[in-house]
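Q: Please take me slowly through one part of the surface of this structure, and then go on from there to a few other places that a beginner could look up.

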Amino acid sequence: MFNKEEFKENAQCIIDWITDYFSNVENFPVRSQLSYGEVKKSIAKEAPLVAETFDVILNDFQTKIFPGITHWQSPKYFAYFPANNSIPSVFAEFLTAALGIQGMKWITSPAATELEEVVTDWLGKMIGLSEQFKGVIQDTASVATLCAILAARERISGFQSNSKGISGEKIRVYCSSEAHSSVEKAVRIAGIGSDNLVKIKIDKECRMLASDLEKAIAEDLSKGYKPACIVGALGTTGTCAIDPIAEIAEIAVKYNVWFHIDAAFAGTALILPEFRKMISGYSKADSFVLNPHKWMFTNFDCSVLYVKDEKQFQETFRLVPHYLQTNLDNEVNDYSNWGIQLGRRFRALKLWFVIRSFGVKGLQDKIREHIQLAEYFEGKIKNSKWFELAVPRNLAVVCFRFKSEFQSENENLNELNADLLERINKSGEAYMSHSIVNGKFALRFVCAQTNTEKRHVDEALQLIFSLAKEMT
Ligand SMILES: *Cc1c(COP(=O)(O)O)cnc(C)c1O
């Protein structure tokens, strides 16, 4: 039963804990130093039969769970893509948890649906999408892309695939060889099959070759295949390469193929007017996804999918059993018709808190600062005696490796680079990940964490250079 005094006292402990955490996050080893099994070993094998106290649980959290945490909110986090939070986002999550609503239909919490309509419109405008695109908040880009491919599958089958299945249909999907693995996963799940995912070659800078895409589609058509969907990357995961969106859009229109843009990370940069040229031709796309949970300070999970033809999109997913029918179904927007899951978290609230607390200008300043810091890092790497860029920097992503002249001293340059990466991450002083660029192992530095400042980038550079000195 709810006890007001006890709640306040315990809530204060949580607030104090979070305050300390945010103040000290950069002092913890970024990547957890534990090895596999250590956390599990420290936790009770059986669920407790009787209630345990808050103090005991919080203490175990501190001593048993915390050491096994990798600090994604550390300003020294430069790995993968970030999963950023921010204070307003955390506050909104408090409220979301307290309300504990499930926003499957408008009637199950009108504010959840209506706020989602408003904030996705706000964000669409912020990134320069036309008002024709309507947004839905999904958990992840993986699921958003699956939804786009399912809608494309339904469209190419003349709206028959949901009822009749697709056995014998020769449906094809196209992406570059650098597209995110979620595209292949989606094609498998959608019953299209990996063999029908055509991976188009890339140029030296890891961008899809649009001319090869057109050739592949024309050839498939001549063989009786049905080209259903092209997935273009606005920022690949490996190097943040930007596929030629305008050229792909022309091809998609010419052959009447669904065009989905995967802008999971880099989409956020579109809030900067100077980067809009990346997206020219976007209005011809059918769908577009970006993850505020990566680079827009909205804690995981929050992925916004935009679709141009919302009616057609909903046709793919709408299935309303009698126990969910209401007499408002034709008048209101029920977001459960916009995707796979029925139950939905109230994710719009944190996006609303974040956009309002930063302001569009505040968000722009932060993104611009991240890109400038990445440019600074790129310059220092380029001018060092040890390293070269694996590919020119894209936005906040820098891929680099030891120069090939170090090969003479070391049998395998790939191994030398991998060894450097492991030394960086083992130190706990920074966390980076890797990419394979044109067949070569490269270290990958992403400067996009909410709290990263120049001093953190300088410290990372010092660490890299001093390790490089030791190793060569
Ligand atoms: C991160 C990423 C994804 C997957 O994002 P999730 O939200 O974790 O599913 C998809 N595409 C690209 C280009 C990405 O960088």
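A: A patch, as the word is used here, is made of residues with over 30% relative accessible area and no salt bridge, and nonpolar side chains are joined into one patch when they lie within 5 Å. Please keep in mind that this is a predicted model. With that meaning in hand, you can find a nonpolar surface patch of about 500 Å², which is made by I15, F22, I87, F91, F94 and L95. Two helices, α1 (4-24) and α4 (87-99), each supply at least two residues of this patch, and α4 gives the most, with four residues. L95, one of the residues of the patch, lies in helix α4.

If you step back along the chain from α4, you come to the loop between α3 (54-65) and α4, where Y80 is found. Y80 has a positive phi of about 35 degrees, although Y80 is not a glycine. Another backbone detail is the cis peptide bond that joins F300 and D301, with an omega of about 5 degrees; D301 lies in the loop between α11 (292-295) and β7 (303-307).

The loop that follows α1 leads to a charged pair. Side chains of opposite charge can pair when their charged atoms come close. R31 and E422 form a salt bridge in which the closest N and O atoms are 2.9 Å apart. Because R31 lies in the loop between α1 and α2 (38-42) and E422 in helix α14 (residues 413-427), the pair ties together parts that are 391 residues apart in sequence. A search of the whole structure finds 34 salt bridges.

Finally, consider how two helices meet: the axes of α6 (residues 141-156) and α12 (residues 310-317) come within 9 Å and cross at roughly 95 degrees. Angles of 65 to 115 degrees count as roughly perpendicular, and α6 and α12 are therefore roughly perpendicular to each other. Their contact is made by C147, L150, A151, E154 and R155 of α6, together with Q312, F313, T316 and F317 of α12. Sorted by class, this contact has five nonpolar, two polar and two charged residues.

How values were computed
Residues are numbered from 1 along each chain as its sequence is written. This is a predicted model: local features need pLDDT of at least 70, side-chain atom pairs count only at pLDDT 80 or more; totals for chains, interfaces and linings use all residues. Side-chain values use heavy atoms; hydrogens and water are left out. Axes are lines fitted to C-alpha atoms, for helices over the stretch in contact, and angles run from 0 to 180 degrees between N-to-C directions. Angles under 35 degrees count as roughly parallel, over 145 as roughly antiparallel, 65 to 115 as roughly perpendicular and the rest as oblique. Contact means heavy atoms within 4.5 Å. Ala, Val, Leu, Ile, Met, Phe, Trp, Tyr, Cys and Pro count as nonpolar, Asp, Glu, Lys and Arg as charged, and the others, Gly among them, as polar. Patches are made of residues with over 30% relative accessible area and no salt bridge: like charges are joined within 9 Å, nonpolar side chains (Val, Leu, Ile, Met, Phe, Trp, Tyr) within 5 Å. Accessible areas come from the Shrake-Rupley method with a 1.4 Å probe; for residues, only the protein chains shown count as cover. A salt bridge is a side-chain nitrogen of Lys or Arg within 4 Å of a carboxyl oxygen of Asp or Glu.
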